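Trainee: Before we discuss the charged contacts, may I see the sequence and the structure?
Mentor: Certainly; here they are.
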Amino acid sequence: MPDYSHLDELEAQSIFIIREAFNKFDNLGMLWSMGKDSSVLLWLARKAFFGHVPFPVMHVDTSYKIPEMIQFRDELADQWNLDLRVGQNKAEIEAGNTFPVGNATRVECCSMLKKDALQDLIAANDMHAIFLGIRRDEEGTRAKERYFSPRDKDFAWDFKDQPPELWDQFKTDFEPGTHLRIHPLLHWTEVNIWEYIDRERIPTLSLYFADSSDDGTMRYRSLGCAPCTDGIASTANTVPDIIAELKATKVSERSTRAQDQESEDAFELLRASGYM
Amino acid sequence: MKSETTPLKIVIVGHVDHGKSTLVGRFLYETDSLEEGKYEAIKATCERRGVPFEWAFLMDALQAERNQNITIDTAQIWFESDKRPYTIIDAPGHKEFLKNMVTGAAQADAALLLIAADEGIQEQSRRHCHMLSMLGIEQVTVVVNKMDLVDYDQERFENIISEYTEFLNEIGIEPSSFIPISAREGDNVASKPAENMAWYDGPNVVQVLDAFETPKTLENRPLRFPIQDVYRFDERRILAGRVEAGTLNVGDELVFTPHGKTARVQTIERWSAPASDTAHAGESIGVTLDEQIFVERGHVASHAAEAPEETSRFRANVFWMGKQDLLANRPYKLKLATQEVECTIREVVRIIDGSTLEVVSEDRDNIERYDVAEVILETKRPIAVERHDQTPEVGRFVIVDEYDVAGGGIVLEPELHQENIFWHEGKVARKDRERLNGHRGACVWLTGLSGAGKSSIAVELESQLHRRGIHTYILDGDNVRHGLGADLGFSAADRDEHIRRVGEVSKLFVDAGTIVVSAFISPYQRVRDRVRESMEDGQFIEVHVDASVEACEERDPKGLYEKARAGEIDNFTGISAPYEAPENPEIVIDTVTDESAAKSAAKIVDFLEQGGYLTMMREAVVKPQTA
């Protein structure tokens, strides 16, 4: 049994951040993609508020998600008594302006189906701030993030002029109209996430395990839309298997996410304009 | 990179272009921590851009960083030595990104200070160092990079050591070692022995990192549990927060600072975690109390025997990153642990250039961007504060200017040194009390006819002053007559005696450094003058609350005029006894025109403000030359 004292520290820090945000903002929401990170984030919110999630949980549905994900979402929302709000860019989906239909690049598709839909969801719910489960170790621009990250009314991220974060004092005073991203998992790594899932027995999508695929030789390491996410060769069938696999691998986590690979700064541009 | 143990957080700081990002890239490469294909990706980027291979592309994830070949923002990356995992924090070297550098460094347990051998010590080599010292980072090693560019010259290396050591000593940093390296070539970084520097037989960079100590746990310190929020879930009132130091047990009596209310811990609340009656430093928990006392965010719980200082005044070092100067005597928001309070710089002791360590000015009151200054800070209401070197979590703070976190600081000493308070041969003088209060003592003497509005103005004035953190007290005709003047009647002689006594009490309050508001008809000029003469110049502020007898009689709030007219009250001022209006009052308030009590009071506050009564005068806070 590994000594998880490091996880205690990570957990306490995340809970601290979640509680700070809850104290400072009236209209908060938590983004939940049902993936491993945002599920851990949701679990930490329940820790912070003693089993309750005192704000809406939001899912941006591109309509290209893997069906298991939607089923998982609805089951847990019911079981955990979540106030689930689902957003979707119906207009573009119905018009067929998407990558899978062939009328948009991957990045344009992400921009419309995820970013724009999120923006509408936030506006519809009058959210001042949202929690997201991003981590610094995922990719370079996320490594540059703050725990409390301001965005302007158009969602733009001014990464050249980010607020200082000293110790555990965050920027919590904002001009009206500013929108805030809060990232309580910034200091976690992919391995930490799985170790924590293991320790806490957090429900996880079957797609992460090899035995969910046809021949048991492939699993998802990072989940996105079906057309833009590939599995990895793996036979890991349990959480400890996954942890062991990650400790041995040198392949980057998002190597299977196609939209990141389109150009040198594809992901940065997406994020700067409001993507997660 | 992949471990259950907590990584040691190392920040790499130094002047622009001295090779911070390159060193990080080299670490990852040498310790075999690079992701698959990463090396090839950087190589491809460099080829596409037509530049030689550049490790900096690893950390400089932003396009603007790659385009300009500079690090704009701090980033983190993980690697693992044989001994333990590390989080490496890369901090920008450009002066204009100092706040990003500070953000990175504030999270670090130890620091590597990088200096390029060819350029030597530069502006940010010094400024960053000063910031490390301000942030309380004690474990520092100096890495002299680019030795390949100076032909691995030992003399060059040793000159840098001697020059830099002098500077570091001045700010109280003792580097554990100096290492000559070439990050580009890999010399003395991790595994590669530096054949070109046979003259150096010290440790390489990774060996030095491995020798750093893990941060001390605050478990053995006195309990500090700042309340983050109060929740009501499932019929329980839960005080949520993180135990910043010490341990907390069910059954412990907690004292909440400020205010000092106490209650016992009934339960320690956790969700989906093993139950335990003890919570340790670092844990985010909740507690319920055996008594429903009023506790809110910002209160700091501790054990009574080891409570933190409760004060509204402390000496601190601040560093300023704001777009506008930090000004003395202007209100800002201070955030310390979970406490938030309005604060003001009451005295700028000295301003230091963060790079040269020169005292910029002895008598400047504006602290400019990137200045470091020692100041006396005053908060609007008392808060829990400790010296930074005792419990950092309750000894460091940020200053918010409008919407921005614009400065940071550490507490050097709560309140002021005792030797300063007791400097007059062991006696506490009025000036000492005034200094502690943060304002001058004075007597605001309201004189005027019965019904002129003195009491209403006094009450409003006290409230306005109190909200500004001024110590005040009201002496009013009616309440003083119940005690101090209970034996006195209303004859001319008794009225004189009454005012004499009130004057003496007022003087005592002034001596205690309080602004006393004395509201008395006090009809005779000579009697008021006697009170004025008993005090020092400027302490007695005569305010004529002016309203004609007709106007007062019309108001007649207590029905006294009616009784006086009916002959039921003897010697009633304005009816059967004279009223001498002040000859040279400091302030005249005409309550017949439309001035409300609030506006009248504001006029007095304005006078006090203009006259320097509300802010501590500089001569009063300057330390005495001899003890």
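Trainee: How many salt bridges are there over all chains?
Mentor: The count comes to 49 over all chains, where a salt bridge is a side-chain nitrogen of Lys or Arg within 4 Å of a carboxyl oxygen of Asp or Glu. This is a predicted model, in which local features need pLDDT of at least 70 and side-chain atom pairs count only at pLDDT 80 or more, while totals for chains, interfaces and linings use all residues. Residues are numbered from 1 along each chain as its sequence is written, chains are lettered from A and ligands numbered from 1 in the order in which they are written, and side-chain values use heavy atoms, with hydrogens and water left out.

Trainee: What makes the contact of A:Arg135 and A:Asp37 a salt bridge?
Mentor: The N to O distance is 2.7 Å, and the limit is 4 Å, so the pair qualifies.

Trainee: Why is A:Arg135 called buried?
Mentor: Buried means under 20% relative accessible area, exposed over 50%, and partly exposed in between (1.4 Å probe, protein chains only). A:Arg135 has 0% relative accessibility and therefore counts as buried. A:Asp37, at 10%, is buried by the same rule.

Trainee: How do you know that A:Asp161 and B:Lys99 form a salt bridge?
Mentor: Their closest N and O atoms are 2.8 Å apart, which is within the 4 Å limit.

Trainee: Why is A:Asp161 called partly exposed?
Mentor: Its relative accessibility is 36%, which lies between 20% and 50%, so A:Asp161 is partly exposed. B:Lys99, at 10%, is buried.
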